[in-house]
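Biologist: Please take one small part of this model and look at it closely. Begin with a single side chain, then work outwards to its surroundings.

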Amino acid sequence: MTSGRRRGLTILALAAVAGIVAGTAGVYVRGSGAGNGDPAVAALCADAVAAAARVAPFAKGEVAAFRVATAPESFGDLTFKTPEGAPTTLAALSGKVVLVNLWATWCVPCRAEMPALDRLQAAAGGKDFSVATINLDVQNPERAKDFMAEIGVHNLPLYSDATMGVFNDLKKRGLAIGLPTTLLIDGKGCRIGIVEGPAEWDSADARALIQAALPPPASSG
């Protein structure tokens, strides 16, 4: 092969790589999801956008991967099942800030962070905040229950979605590339931010971030 032809093939290869990178950036950077440009969702999620601004300085250390929302986006319609097997939505968890963790027993990082999520719920769960872990095992749903019993998880209800619908919906919105994925929503089901990958959820960094996400106390004046 001549040197000129090699140079030509190299240029074509680099152009192809550049195109792939540009295309990927288009998928994961563009704004998407329920609410962009919708005045009703903008009004509904105004508090979540404000919470994201408060949280941004705390996205560091053990939760440096936390990406804050920059536009109003509602997730209240995401559907999964209660521990009893009844259909429910994120809207049913409304009224408090919720850390929604998507996980599966075959996901090693998911298994590793589950005890931290359990400790976070034990320490910080209450009327203003809770952790909701949604298991995505497609087969043998009892496996998740057995795993949680085995590691001594006592504070987390076992929500589930064997259809993977919640994850696929987030993926369509450009917000999930794998497991675990953890979404922080406000009391109206609107996104405050997201982490794609594991995090130390019972660390001081994570607790400071969650505290910043809570609604500020009402003024007495």
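**From one side chain outwards**

Modeller: Glu142 has a relative accessible area of 41%, so it is partly exposed. That class lies between buried, under 20%, and exposed, over 50% (1.4 Å probe, protein chains only). Keep in mind that this is a predicted model: local features need pLDDT of at least 70, side-chain atom pairs count only at pLDDT 80 or more, and totals for chains, interfaces and linings use all residues. Residues are numbered from 1 along each chain as its sequence is written, and side-chain values use heavy atoms, with hydrogens and water left out.

What does Glu142 pair with in a salt bridge? Its partner is Lys145, at 3.8 Å from N to O. A salt bridge here is a side-chain nitrogen of Lys or Arg within 4 Å of a carboxyl oxygen of Asp or Glu. Both residues sit in helix α5, three residues apart, or about one turn of the helix. Helices (H or I, at least four residues) and strands (E, at least two) are DSSP runs, numbered from the N terminus. Lys145 has 45% relative accessibility, so this residue is partly exposed too.

Now stay in helix α5 and look at its aromatic side chain Phe147. First, the background: the structure holds two aromatic pairs. Rings of Phe, Tyr and Trp (its six-membered ring) pair if their centres lie within 6.5 Å; planes under 30 degrees apart are stacked, over 60 edge-to-face, and the rest tilted. One pair is Phe80 with Tyr159: the ring centres are 5.4 Å apart and the planes stand at 85°, so this pair is edge-to-face. Phe80 belongs to strand β2 (residues 79–81) and Tyr159 to strand β6 (residues 158–160), so the pair ties together parts 79 residues apart in sequence. Phe80, at 2% relative accessibility, is buried. Tyr159, at 13%, is buried as well.

Phe147 forms a tilted pair with Trp103: 5.8 Å centre to centre, 45° between the planes. This pair links distant parts of the chain, with Phe147 in helix α5 (residues 142–151) and Trp103 in strand β4, 44 residues apart. Phe147 is buried, with a relative accessible area of 5%. Trp103 is buried at 0%. Helix α5 thus holds the partly exposed Glu142 and the buried Phe147.

Next, the core. The largest nonpolar core has 60 residues, and Leu90, Leu102, Phe129, Leu184, Ile192 and Trp201 have the most contacts inside it. Strand β4 (residues 97–103) gives the largest share of this core, six residues. A nonpolar core is a set of buried Ala, Val, Leu, Ile, Met, Phe, Trp, Tyr and Cys residues joined through side-chain atoms within 4.5 Å. In soluble globular proteins, nonpolar side chains tend to be buried together. Take Leu90: leaving out residues up to four places away in sequence, it touches Phe75, Gly76, Leu78, Phe80, Val100, Leu183 and Ile185. Contact means heavy atoms within 4.5 Å. Phe80 is on that list, and Phe80 is also half of the edge-to-face pair.

Back to charges. Besides the Lys145 and Glu142 bridge, others bring together distant parts of the chain. Glu196 forms a salt bridge with Arg67, the closest N and O atoms being 3.0 Å apart. Glu196 is in strand β8 and Arg67 in strand β1, 129 residues apart. Both are partly exposed: Glu196 at 25%, Arg67 at 34%. Arg191 also forms a salt bridge, with Glu73, at 2.8 Å between the closest N and O atoms. Arg191 lies in strand β8 and Glu73 in the loop between β1 and β2, 118 residues apart. Arg191 and Glu73 are both buried. The structure holds eight salt bridges.

Buried or exposed: which is Asp186? Asp186 is buried, yet has no salt bridge; the nearest side chain of opposite charge, Lys188, is 5.9 Å away. (Lys and Arg count as positive, Asp and Glu as negative; His and chain ends are not counted.) Asp186 sits in the loop between β7 (181–185) and β8 (191–196). Apart from neighbours within four places in sequence, Asp186 contacts Asp47, Ala48, Lys96, Val97 and Ile192.

Finally, the whole chain. There are seven helices and eight strands. Of its 221 residues, 41% count as buried. Among contacts between residues at least 6 apart in sequence, 73% join residues at least 24 apart.
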